[in-house]
Amino acid sequence: MQHREFPFKEYKQHFRMLDVADTLLDLDRTDSTGAFFFCPFHVDGENGNLHVHDAEDHIKCFSPCQFEGGDIFDLLTAYFNFDPDTAHYDCARYLDGGHLLQAAWQLSNDDLARVLRNDFKTACVKKSATRVIRPKEFIIKPPHDFKQLRVYEANLEQYGVDYWLGRGLTYETMRHFHLGYDTETHRHVIPNCNHVGVYGFKRRRDDEWARADLRQRGMAWLNDMKNGIWLRRLERSEKTGLEPAPPTDDDVFKKVYPKFIWGRAQEDTMWLFNEDRLLNGKLLYVFLTSAEVDTITLEQAGYPSVAWASDAQFPDQQDIIYYTFQGKSIKLHIRDVFRNVRQIYIVADNDESGLAAAHRRCAALGRNSEIVSTPTEKDVNDYCRQHAIADWLPHVPPALWSKPAYA
Ligand SMILES: [Zn+2]
């Protein structure tokens with residue numbers, strides 16, 4: 001048989017990752033980007049962490065995991081543990097009994113059977129209708145005025161200052177970003193606001209309060225919670241065949257006191273944090289981070305920065321943003337939002353999922369964007385507490401030395 005190129009492209013055009021994953025895996029939940037499945041390559045806990053990005057037809061596990069992610073061939077090969085040398089034939093057999101392969105290579109039935117080693121009856125993925133990527137729509141309108149922000153802000157003095165000082169922020173920076181404290185949920189509050197209004201409140205766990213609260217609930221309660229988690233893990237392990245890990249105190253802590261919560265359902269609008277930075281004339285550069293604290297840290301050091309805190313919800317290039325202010329609504333794309341900026345530095349967290357997310361942002365923002373990450377430490381705020389930002393960015397001089405009166 002002469003050498004022919006395997007029709008990878010044809011297969012990927014015909015079979016969507018979402019459909020293929022659906023035949024193999026347990027679905028946990030869907031979101032605007034695709035779906036999360038329970039990962040068969042490690043023991044997932046309460047939530048499925050294996051994410052299918054539908055528009056990119058890509059799968060990736062957001063937990064530390066042996067599976068590196070990839071396309072439908074990568075998924076099938078890993079799932080069935082196919083021999084890497086012949087995996088593409090095995091994948092073709094699984095996907096459509098080698099139908100596309102037969103057409104591409106113009107094989108007789110006998111030849112196809114030989115190629116697939118006589119076994120081509122296991123096809124089981126239905127081809128779904130041809131995919132049309134429709135742009136998503138974002139309605140950007142602040143759901144809150146400044147009243148609640150002021151209430152939280154007034155609590156800063158009593159409850160919040162020490163925490164933020166410990167993270168390297170100055171008092172002036174805290175005031176500038178209207179940081180506060182929610183005495184109801186016992187959380188530090190970072191409001192996402194601009195001159196138009198408040199888009200949402202991110203609430204960060206007050207570790208000290210949460211630890212004390214956990215102790216106060218007592219051992220019986222703690223053991224009860226552990227039992228609950230253990231049962232769920234056993235259930236999962238029956239499906240995955242992987243050894244369940246016994247729950248720890250820390251597992252309970254993380255479950256009961258999640259590190260971050262946003263406003264109650266539908267109360268918040270996901271939008272660019274510190275957006276006002278982009279509205280005051282031309283900028284030579286701006287840093288785009290995925291955490292408010294990183295942006296605040298950069299701003300304090302004199303580097304203009306904005307944050308988009310949800311990797312999953314970052315707009316794609318074609319998505320439509322309806323930006324609403326003063327009763328008007330204008331239609332934008334994400335690139336328009338950055339139109340006054342010459343260069344965008346996309347800050348990636350120093351881990352694999354951070355890098356993957358940064359690449360998606362880079363694709364959405366186009367040619368004047370570049371990915372950077374700190375040489376050590378996981379994120380900018382961590383880095384900044386050990387090193388000077390200038391050590392990391394010698395070629396990018398701070399641009400706000402004279403600007404932020406608060407820094
Ligand atoms: Zn995994």
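Modeller: Helices, of at least four residues, and strands, of at least two, are DSSP runs numbered from the N terminus. Read in this way, the predicted model before us has a secondary structure that comes to 16 helices and 15 strands.

Biologist: Along its principal axes, what does the C-alpha trace of the protein span, and what percentage of the residues is buried?

Modeller: The C-alpha trace spans about 80 × 60 × 45 Å along its principal axes. A residue is buried if 20 or more other C-beta atoms lie within 10 Å of its own, and exposed if 12 or fewer do; buried residues make up 31% of the 407 residues in the protein. As for contacts between residues at least 6 apart in sequence, 58% of them join residues at least 24 apart.

Biologist: How should I read a single helix, and which residues of H14 are buried?

Modeller: Helix H14 covers residues 352-365, and its 14 residues reach 20 Å from the first C-alpha to the last, close to the 20 Å expected at 1.5 Å a residue. Its buried residues are Ala 357, Ala 358, Arg 361 and Leu 365. Seen down the axis of H14, these buried residues fall within an arc of 105 degrees, so they line one face of the helix. Among the elements that cover them are strand E10 (283-289), helix H13 (334-337), strand E14 (341-347) and strand E15 (369-372). After H14 comes Gly 366, with a positive phi near 95 degrees.

Biologist: What describes the packing of two helices, and at what angle do the axes of H3 and H4 cross?

Modeller: Two packed helices are described by the angle between their axes and the distance between those axes. In this model, the axes of helix H3 (residues 72-80) and helix H4 (residues 87-96) come within 9 Å and cross at roughly 95 degrees. Angles of 65 to 115 degrees count as roughly perpendicular, and H3 and H4 are therefore roughly perpendicular to each other. At their meeting, Phe 73, Leu 76, Thr 77 and Phe 80 of H3 are in contact with residues of H4 that include Ala 87, His 88, Asp 90, Cys 91 and Tyr 94.

Biologist: Turning to sheets, in what order do the four strands of the open sheet stand, and which strands are at its edges?

Modeller: Strands of a sheet pair through backbone hydrogen bonds, either parallel or antiparallel. Here four strands form an open sheet in the order E1-E2-E3-E4, and the pairing is antiparallel. Strand E1 (27-31) and strand E4 (58-61) stand at the edges, each with a single partner strand, so one side of each is left without a neighbour in the sheet. Neighbouring strands of this sheet are turned by 20 degrees against each other on average, if direction is ignored. Within the sheet, strand E2 (residues 34-37) and strand E3 (residues 50-53) pair in the antiparallel sense over four bridges, and the bridge partner of Gly 34 in E3 is His 53.

Biologist: How many residues of strand E13 are buried, and over how many bridges does E13 pair with E12?

Modeller: Of the five residues of strand E13 (residues 328-332), the number buried is zero, so E13 lies largely in the open. Strand E12 (residues 320-325) and E13 pair in the antiparallel sense over five bridges, with Ile 321 opposite Leu 332 of E13. The hairpin of E12 and E13 has two residues between the strands, and in this hairpin Gln 326 takes a positive phi near 45 degrees.

Biologist: What sign does phi have in most residues other than glycine, and where do His 186 and Asn 274 lie?

Modeller: Most residues other than glycine have a negative phi. His 186, although not a glycine, has a positive phi of about 55 degrees, and it lies in the loop between strand E6 (180-182) and strand E7 (187-193). With 17 C-beta neighbours inside 10 Å, His 186 counts as partly exposed. Asn 274, which is not a glycine either, has a positive phi of about 70 degrees and is found in the loop between strand E9 (260-261) and E10. With 21 C-beta neighbours inside 10 Å, Asn 274 counts as buried.

Biologist: Is Met 219 buried or exposed, and what separation is there between its C-alpha atom and that of Lys 328?

Modeller: Met 219 is found in helix H10 (residues 207-240), and with 8 C-beta neighbours inside 10 Å it counts as exposed. The C-alpha atoms of Met 219 and Lys 328, which are 109 residues apart along the chain, are separated by 56 Å.

How values were computed. Residues numbered from 1 in each chain as written. Predicted model: local features only at pLDDT ≥ 70, side-chain atom pairs only at ≥ 80, totals over all residues. Expected span 1.5 Å × (residues − 1). Arc of directions from axis to C-beta. Contact = placed C-beta atoms within 7 Å. Pairing = 2+ DSSP bridges. Axes fitted to C-alpha atoms, helices over the stretch in contact; angles between N-to-C directions. Parallel < 35°, antiparallel > 145°, perpendicular 65-115°, else oblique.
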